[in-house]
2 protein chains.
Amino acid sequence: MQLRNQVEWALHCCSILAGLPPGQRLSTKALAEFHGVPKPYLSKALQSLAQAGLIEGTLGPSGGYRLARPAAEISFLEITEAIEGRARSFACTEIRRNAPCLRADEQISGPCQVARVMWQADEAWRAVLRSQSLADLSATLEAELPERLLADAEAWVGARSAGG
Amino acid sequence: MQLRNQVEWALHCCSILAGLPPGQRLSTKALAEFHGVPKPYLSKALQSLAQAGLIEGTLGPSGGYRLARPAAEISFLEITEAIEGRARSFACTEIRRNAPCLRADEQISGPCQVARVMWQADEAWRAVLRSQSLADLSATLEAELPERLLADAEAWVGARSAGG
DNA sequence: CTTATTGCGGACATTCAATATCTTTAATGA
DNA sequence: TCATTAAAGATATTGAATGTCCGCAATAAG
């Protein structure tokens, strides 16, 4: 039960893209360098985000990625699901139907209680992630991080972003 | 982010063991047959539960497993963690520290906000599982399942349980 | 005391995630 | 128009984790 490291990378990349001036793009290369992660693999995560409609990529020189929607309308859950898929963490295989003492005419209705509890927990997890947007993240970072750090990062990113 | 099928098996097995008369034991063989799952693999799951102190096994003929504690004191979370481990689902590798624009004297304090949100979601998941005990599960099953089904299962299990 | 039965731990195989490489496609700028 | 740059997609390779099985020690019954 472990989330892939791509989830962490995707969240941090989206955080950077959310801080970009409107319309500006940032390349996979710059994002990989900034986070110190392998570019070819990060590219896969960004592709997943693009396919999910969260970011959009542009080809050619001065190309790169930018958010496809306002940061306030992109949740942690969407980013996580773009990488991990939308399946629930608990898969019920209905093993209770394998009981050898089950008679042919005995009907079992509805999902089993074990699965219902596990799915309830899953939904609680999703609810937290659904309630947090990229805008919330940016606001917290701006409030908590030292000013010079933010300025340095903005300058570094600004020097590598392009387009409009 | 998928829980192993062992989690499902472990929960259902504990549910059966919780319905056993006090002191009675049930073998891996019977549990595997009842759920229609491979016995050698189920054995591993039961071993994990035993190591976590949730159930205890007895060797020899008429041996088998029984709950190590009252059903009301064993939660879904403990069973899940016995199989999956106690690690959080999101692992923060602090990739923010890899930023090339970070100066040597710039200090970053505390866990990053991305991790904090993911851990908050994780905790919400745990809270639900922590609130559900095996006794709760048994109560719901007895209330919802047809009486004859329960009687059939109890008879089947009773014929294969032993010890005291 | 022997024998059958059981849990226990370790060994094997198979799958899947993580990583890298290469080709293709498309857009920019000279 | 052409060279350059970047995303998109396909395809290995490695390594860890998951699923599967087998032999050993312990125990109770005959």
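How many salt bridges are counted between chain A and chain B? The count is 4, and the views below take you there by way of the DNA. Please keep in mind that this is a predicted model.

**View 1. The protein surroundings of DNA strand C.** Start with the neighbourhood as a whole: 21 residues surround DNA strand C. The closest are A:Pro38, A:Pro40 and A:Tyr41 from chain A, along with B:Leu59 and B:Tyr65 from chain B. Sorted by class, the residues of this surface comprise 9 nonpolar, 9 polar and 3 charged. Looking from the DNA side, 68% of the strand C atoms within 4 Å of the protein belong to sugar or phosphate, while the rest belong to bases.

**View 2. Polar atoms of chain B beside DNA strand C.** Here you can zoom in on three parts of the strand in turn. At a phosphate, an oxygen of DNA strand C is 2.2 Å from an N or O atom in the side chain of B:Tyr65, a residue also listed among the closest to the strand. At a base, a nitrogen of DNA strand C is 3.1 Å from an N or O atom in the side chain of B:Gln47. B:Gly60 takes part through its backbone: one of its polar backbone atoms is 3.2 Å from a sugar or linking oxygen of DNA strand C. Stepping back to secondary structure, the elements giving two or more residues to the surface near DNA strand C are helix H1 (5-18) and helix H3 (39-51) of chain A, plus helix H3 (39-51) and strand E2 (64-67) of chain B. The largest share, 3 residues, comes from H3(A).

**View 3. The interface of chain A and chain B.** Now turn to the place where the protein chains meet: 58 residues of chain A are in contact with 58 residues of chain B. Between them the chains bury about 5400 Å², with 65% of it on carbon and sulfur atoms. On the chain A side, A:Met1, A:Glu8 and A:Ile95 lose the most area to chain B, together 14% of what that side buries.

**View 4. Salt bridges and polar pairs across the interface.** Back to the opening count: one of the 4 salt bridges joins the side chains of A:Asp152 and B:Arg103, at 2.9 Å from N to O. Across the interface, 13 residue pairs are in polar contact, both residues at pLDDT 80 or more. Several helices of chain A each supply at least two residues to the side touching chain B, including H1, helix H2 (28-35) and helix H7 (147-160). H5(A) gives the most, with 12 residues. By class, that side of chain A has 31 nonpolar, 13 polar and 14 charged residues.

Methods
Residues numbered from 1 in each chain as written. Chains lettered and ligands numbered in written order. Predicted model: local features only at pLDDT ≥ 70, side-chain atom pairs only at ≥ 80, totals over all residues. Heavy atoms only, no water. Near = heavy atom within 4 Å. Polar contact = N/O pair within 3.5 Å; in protein donor to acceptor, adjacent residues only side chain to side chain. Helix = DSSP H or I, 4+ residues; strand = E, 2+ residues; numbered from the N terminus. Nonpolar A, V, L, I, M, F, W, Y, C, P; charged D, E, K, R; others polar. Contact = heavy atoms within 4.5 Å. Buried area = accessible area lost by both parts, 1.4 Å probe.
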